Every structure is written in C-alpha cells, then in structure tokens.
Amino acid sequence: MVLAVIAASALAMQSASVSPAGPTDWVAQGEAALEAAKAVTPRVGRAKNAILFIADGMDVTTITAGRILAGQQQGKLGEDHVLAFETLPFTALSKTYTTNMQTADSAGTATAMLSGHKTKSGVINVDQTVPRGDCAAAEGKALTSLMHVAAATDRQVGVVSTARLTHATPATVYASSADRNWEADRDLPEEADGCTDIATQLITAAQSFPIRVALGGGRRNFLPQSSVDPEYDDKTGAREDGRNLTAEWTAIAPGYLYVWNAEQFGALSPTEEGAVLGLFEPSHMNYAVDRQDDAAGEPSLSEMTSFAIDKLSQHEEGYFLLVEGGRIDHAHHAGNAARALNDLIAFDAAIETALQKVDLDETLIIVTADHGHTLVLQGYPHRGNPILGLVRSVNGAGAPIDTPFPGGDGKPYTTLVYGNGPGSPFARPSSDQAIERQFVTDDEAQAIDYRQQSIVPGGSETHGGQDVTIHAVGPQAHLIRGTVEQNYIYYVIRDALTYQAE
C-alpha cells in the first residue's frame, strides 16, 4: 500500500513539469498531491529490519541541486524531478550541533544517531565528558550503539560505505574512540597507550557481535606496512604492528570471506553462511563518476546495498544496516559540486534499490545526513538552466535569455557557489596582485573537475551548521516529524526494533 502511495505522490509532484502541450494544471497537481498525502497510513508496530541511510554532507541545498541535476540528466527541466528518498511520507529537520561545536563534524553527529547521545566533535561513541584525544578519559565512557540493540534482539548487523570503513560514520556502528583519526595503530599517539585503533575494533566486534556485512574502502588500515597493496604496486598497508586484519577476519569462523575487487564481489553468494568483509580501495572508494576508471573495479553503492540486504535477509530475526554515501562530503570539501551531486544521485539510487527489495510492512527506512556544507544556490536562473552552469535569467516577459547574467563586476557567475574553500579569488600568493574574480565560461563551469568560486579562501571548504532533513517510511516512521535533536533518530530506530504493543 505504501509503495503505491509513494508512487502516486511522486507522480503528483512530477506532473508539475512544464510540458510542450501547454501550461501545467496546478489545481490538478495540487489536488492529486493532497489525496496522495491523505492516503498515507502510519505503520504502528515492531520493525523486523531497520536501514539507516546517511549521506555525509547532504544539506537541503545539496538535495535541491542534486534533484535538478538528476532530472536534467534524464532530459527534463530538472526542478520538478523527485529523488527516491523524497517520496518517503514522513519528514523532519535534524539539529546537527555537537556539545562543543555549532558547526559539527561527522564523528559527533554520527555518534548521536547511532548511540542516542550527543557528544563532542571528533570523538566516536564516547560520552560528552571525554576530551578529544584523551585515551585515559575515555576509559569506561564508551556508548552502546544500534549494533548492541540489534545483537540483543538477535538481529544481524551490516555496514556499507563509500568511505573508509574506519572513517567516522561507519565506525560508529562498531567502535568507540577518543579520536576519530585513530583508524590504524600507527595513528595512535604514545599517550594513547591502552586504546585500540578503529580497524582492530571492527575485527574484535565481529568476533562478539553478528556483523555479517562490512563493505567499503580503507584497505590500508587492515594491512601491515610490509604488505604491498593488491591493487597498487606503489602502495602498502598502514599497520605498524605487523597484523593482517583481513586474515584475522577470515579466521573468525568458517565462511568469513574477504574480497577487494569487483570480480570477487560479483562472485559472492548472499545465501552462503558466514560474513563478508569487502575493502575496495586503500583509502576511500572512488567518486561515482570516476568508478569506471578503476582498474580492479569496485561495486557501486547500490550494488553493495543490494548485496547487504540479500545477505542480511537470510536471517529470520531481521537486521540493522547502515548505508553511508560518504563521498558527497569529500567533494564538497574540494569545492567540487559536480562530484558531490553525482555522488548524491548514486546515494539515491541505493535507496531506490532498497525500496524495491524490502517489505515496508516490516522494514523501517530512515534517510538523513550528518551535517551540511556551505553550498549556495543563487542568482535568478531561468527554469531549466543547467544547475552546474552559468546563471542565465529571463527577460521582461519572463522568457529565458541566452546571455549569461553578469555580477556587479560585469563577469558571469555560476548558480552554485561555496561560502568558503579553494575556489576563492582572495587566496592569492602575493599582495601586489590585483584581487578579482576569475572569468568563467559555461564549458569550464560544467566540467567535472571545476571548483566553484567561493568567498573565504581555504584549502578545504568547511561544513555548514544548518539543519538537515530526515525522511522515513515503514514501522514507526510516523515518529519522524517536526524539528528534532539529531540523537532522536537513535530512539526511533530502537523503538521500532524493540516495540511492544501496550
């Protein structure tokens, strides 16, 4: 029923597009959308499964721009396009600050969602009293996560990410650390004696908890420095302790498999007993637009999500799965909107895959972000203007014009810019150079490598502190509403997995 309502709602929204046949019937569109909304019935009860999708750095502007780009890639004007997760019937806003920062990082925000506790930025699953980097202070301050909730209710656990599996967000499923950067043993300072690196914690957790799927990047953190990377002859592992954690994974129990390329991944059977560790790059996996150039090949986020669902669904008691689109954030940091938006589209494809595979009567799906960025959608571009292109406006009659609209300096500018980052004209090496904004052409602006202009200079664009959206469907999804603290997401998922009828 919900899938039918979702489809009807999406159709109602899509009917708003301008058609060659004439103007849109906005009355019909509005009434259809209203009826679709009225048809949504909350599912009250226990969820067998829960999937939490987190898009790293996906704020509202990123969603809007990604929606338009996705529509334009399909030959539409773009503005009226509907992403898969935008069809989910229940929505809310999430406040992303951490206990010590107005604009947060992924470690503190992911901890809030996975443990139910807001804490400091830079730490993973330790409480708010622990200073970042203080190993001794973290003793006894570890927080339980949704992995523990799943294990206590005999469910299995999966984690999928396009970032390193030891990176901040995926690490919050299974690890606890006073510093998010302690990914391998070499990252631990001398004063952190007694603390365990994050990669080792994945192996330890898998020995005690039902982690059946772990797919992503970060291979170097699991291999010794003496080991040459299997894909790149000029790279080695990062571990100084000589341990090969991929071998330790396969030694956990019969059927525990390790894969590192597309061929090995494609040969996996989700119905086999055991568990799968997939590490497809030494560091983060490739951006979606660059994945085809990877020599050894790597699965898409959609393919990894599909496998994880199939694998975890073999367990009759259900599962908890975290899926992260991790590289949206990295492209934003580089001031590169094109890669960020294409990774958002790939993230949305993974959600669409999940919606097609699961039974929404028994599966709660929540889609959200950890934090935002400084991306701005600006100017007065006409309807259907390329979202990555120069601003072209309308004439007095409201019709599109072909000439780029100039800024106050007489130069054209793009619809998308950043508040800060590497695209700033003020980052000049010598003070005797005139500071002026670079002239940009449409071809340059729409190139995949283009870095959008920004105001404040910086080698890396920063996060934004704005609220982010939450979208939900399935059992207890109706509890996602209003404006909530980010840690509330944990409690909704826990409630769905442990719900008892009164």
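# Exercises on a predicted model

His167 is found in the loop between strand 3 (156–164) and helix 6 (168–171); helices (H or I, at least four residues) and strands (E, at least two) are DSSP runs, numbered from the N terminus. The model is predicted: local features need pLDDT of at least 70, side-chain atom pairs count only at pLDDT 80 or more, and totals for chains, interfaces and linings use all residues. Residues are numbered from 1 along each chain as its sequence is written, and side-chain values use heavy atoms, with hydrogens and water left out.

## Exercise 1

Determine whether His167 is buried or exposed, and list the residues that it touches.

**Solution.** Step 1: the relative accessible area of His167 is 9%. Step 2: buried means under 20% relative accessible area, exposed over 50%, and partly exposed in between (1.4 Å probe, protein chains only). His167 is therefore buried. Step 3: not counting residues up to four places away in sequence, His167 touches Arg180, Glu183, His284 and His330, where contact means heavy atoms within 4.5 Å.

## Exercise 2

Establish where the residues of the UniProt annotation that covers Asp56, His167, Thr169 and Glu324 lie relative to one another.

**Solution.** Step 1: according to the unreviewed UniProt entry, Asp56, His167, Thr169 and Glu324 are covered by the annotation "binding site". UniProt positions are given in the numbering used here, feature names are shortened, and annotations may be inferred rather than shown by experiment. Step 2: these residues span 269 residues in sequence, yet no two of their C-alpha atoms are more than 11.2 Å apart, so they gather at one spot. Step 3: Thr169 has its place in helix 6 and is buried, at 0% relative accessibility. Step 4: leaving aside neighbours within four places in sequence, the contacts of Thr169 are Ile54, Asp56, Ser106, Ala110, Leu322, Glu324 and Asp370.

## Exercise 3

Describe the surroundings of Asp329 and His333, which a "binding site" annotation covers.

**Solution.** Step 1: the unreviewed UniProt entry gives this annotation for Asp56, Asp329, His333, Asp370, His371 and His463. Step 2: Asp329 is placed in helix 11 (residues 327–333), and His333 lies in helix 11. Step 3: Asp329 counts as buried, at 4% relative accessibility. Step 4: outside the four places on either side in sequence, Asp329 touches Asp56, Gly57, His371, His373 and His463. With that exclusion, His333 touches His373, Pro422, Ser460, Glu461, Thr462 and His463.

## Exercise 4

Describe how helix 12 (residues 337–357) packs with helix 10 (residues 301–312).

**Solution.** Step 1: two packed helices are described by the angle between their axes and the distance between the axes. Axes are lines fitted to C-alpha atoms, for helices over the stretch in contact, and angles run from 0 to 180 degrees between N-to-C directions. Step 2: the axes of helix 10 and helix 12 come within 8 Å and cross at roughly 30°. Step 3: angles under 35 degrees count as roughly parallel, over 145 as roughly antiparallel, 65 to 115 as roughly perpendicular and the rest as oblique. Helix 10 and helix 12 are therefore roughly parallel to each other. Step 4: on the helix 10 side, Leu301, Ser302, Thr305, Ser306, Ile309 and Asp310 meet Ala346, Phe347, Ala349, Ala350, Thr353, Ala354 and Lys357 of helix 12. The residues of this contact comprise seven nonpolar, four polar and two charged. Here Ala, Val, Leu, Ile, Met, Phe, Trp, Tyr, Cys and Pro count as nonpolar, Asp, Glu, Lys and Arg as charged, and the others, Gly among them, as polar.

## Exercise 5

Describe how helix 3 (residues 60–73) is placed against helix 12.

**Solution.** Step 1: the axes of helix 3 and helix 12 come within 9 Å and cross at roughly 80°. Step 2: the two helices are therefore roughly perpendicular to each other. Step 3: Thr62, Ile63, Ala65, Gly66, Leu69, Ala70 and Gln73 in helix 3 meet Leu341, Asn342, Leu344 and Ile345 in helix 12. Step 4: this contact has seven nonpolar, four polar and no charged residues.

## Exercise 6

Locate Lys48 and give its separation from Leu364.

**Solution.** Step 1: Lys48 has its place in the loop between helix 2 (26–38) and strand 1 (49–55). Step 2: Lys48 counts as partly exposed, at 28% relative accessibility. Step 3: Lys48 and Leu364 are 316 residues apart along the chain, and their C-alpha atoms are separated by 8.1 Å.
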